[in-house]
Structure formats: structure tokens, C-alpha cells
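The following exercises concern the packing of helices. Please examine the sequence and the structure before reading each solution.

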Amino acid sequence: MARIPAAERRAALVEAAIRVVARDGIAHATTRAIVAEAGMSLASFHYAFESRDELIDEVIRTVVAREQQAVVPDRIEGGTLRDLLEAGLFRYLDHLRADPDRELAMLELTHYALRSPDRHPLAAMQYARYAELAAEALGVAAAMTGTRWREPVEQIARTLVAFTDGITTTWLVDRDDDAARRVARAAADALSRMADPA
């Protein structure tokens, strides 16, 4: 393989790891399997990462950062808070449907981190970041519609994360778009009832 910059090598290995974990599971995501998927030599891996765990940590950080693209609400002229929440949940569902392997890999990696004392803080960081992104989106939606949350937005954000977790897992199991959209509508209804006009 031609010499490529370290940042590009790292990015290619992250993408390869996502594909391997999604396709074969974390148990089969060995360093050798990942470099084969990336079309690299084992030596190339060690120029980019010190260990497989360091790569897995980077995979989780990368995928969590991408989630941000899916959660910040768009302005809907004349839209209510419920309209914005529903649109945001539909956009999240589109994000999920566009790359289900990424989400499947994240579920694998989350469970892996929860079972490994050394990696557990990464799972905590992952969900803390999800909650931050959800709180940011909820705050923007409330500001756009002139509403205010009855409870601290951080608490409501945890509810939103729980809804998106449920949508993600059930959609990955049954790939039923209509059912997922019905759940998203119900989630938007429930969340909108947690706010009052400003």
C-alpha cells in the first residue's frame, strides 16, 4: 500500500473497524481482520494506533461525533414544538436507515465497553455525549417555538435518548419503517407534553 498520512490511515482503519464489527461482531474484530478490511499491512496499523483498544475508543468517538449531524433541529416556519420534535426524530430515523451497520456496530461496541472495566468509562462518555446533544437539540427547539421545558432540559434529554435507543434497536431488528415512524410520532407527542408556552 502506498504511504499515506497518519490521519488518513487512522480514518481508514476506523471505517474498516466499523464495517468488521457490524458484519462479524466485536469478537471477530481482530487487528488482523481490521487491517485486511482496510487493505493495509499489520505494520501500518501500529503506525496509526498503539492497540486495538485505542482504535475501538476512536471508533466510538467518531460515531458519536457523527450523531450530532442528525439531532440539531431545523426551523419549521409556523411549526409547533411537537412538529420540530417529530421532524427531528424522523431525521434521526433517516440517519439510522442510511447506515444501519454503523448503528449495529455502536450497539456491539457499547456492550463491549460495558463488559470491560477499562472501557466502561468510554460507554459512560458515549451516553453523556448523547445526552448533551439531545439537551442541545431540545433547547434549540424550545427557543424556536417560544416554549419552555417544565423540568430541567437535562432530564428530558435522557428521555429523548431512551426513545432514540428504542427506535434504533427495534428498527434494527424488524426494519419496519412505518412502525418506527409511529413510535417517533408517539415520542414527539410525549416530549411535547413536557413543555409549556413561554
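**Exercise 1: Helices H8 and H9**

In this predicted model, H8 and H9 are roughly antiparallel to each other. Show which values lead to this description, and describe the contact.

*Solution.*
Step 1. Two packed helices are described by the angle between their axes and the distance between the axes.
Step 2. For H8 (residues 153–174) and H9 (residues 177–192), the angle is about 170° and the axes are 10 Å apart.
Step 3. Angles over 145 degrees count as roughly antiparallel, and H8 and H9 are therefore described in this way.
Step 4. On the H8 side, the contact is made by Ile156, Thr159, Leu160, Phe163, Ile167 and Trp171. H9 contributes Asp177, Ala180, Val183, Ala184, Ala187, Ala190 and Leu191.
Step 5. By class, this contact of H8 with H9 comprises eleven nonpolar residues, one polar and one charged.

**Exercise 2: Helices H5 and H9**

Determine how H5 crosses H9 and which residues meet there.

*Solution.*
Step 1. The axes of H5 (residues 81–98) and H9 come within 8 Å and cross at roughly 145°.
Step 2. The crossing of H5 past H9 is right-handed.
Step 3. Residues of H5 that meet H9 include Leu81, Leu85, Leu89 and Arg97; among their counterparts in H9 are Ala180, Arg181, Ala184 and Arg185.
Step 4. The contact of H5 with H9 contains ten nonpolar residues, one polar and seven charged.

**Exercise 3: An annotated span**

Describe the span that UniProt lists as "domain: HTH tetR-type".

*Solution.*
Step 1. The unreviewed UniProt entry gives residues 7–67 for this domain.
Step 2. In the model, residues 7–67 are 80% helix and 0% strand.
Step 3. The end C-alpha atoms of this span lie 21 Å apart.

Notes:
Residues numbered from 1 in each chain as written. Predicted model: local features only at pLDDT ≥ 70, side-chain atom pairs only at ≥ 80, totals over all residues. Heavy atoms only, no water. Axes fitted to C-alpha atoms, helices over the stretch in contact; angles between N-to-C directions. Helix = DSSP H or I, 4+ residues; strand = E, 2+ residues; numbered from the N terminus. Parallel < 35°, antiparallel > 145°, perpendicular 65-115°, else oblique. Contact = heavy atoms within 4.5 Å. Nonpolar A, V, L, I, M, F, W, Y, C, P; charged D, E, K, R; others polar. Left-handed = near helix turned anticlockwise from the far one by under 90°. UniProt positions renumbered as here; feature names shortened; annotations may be inferred.
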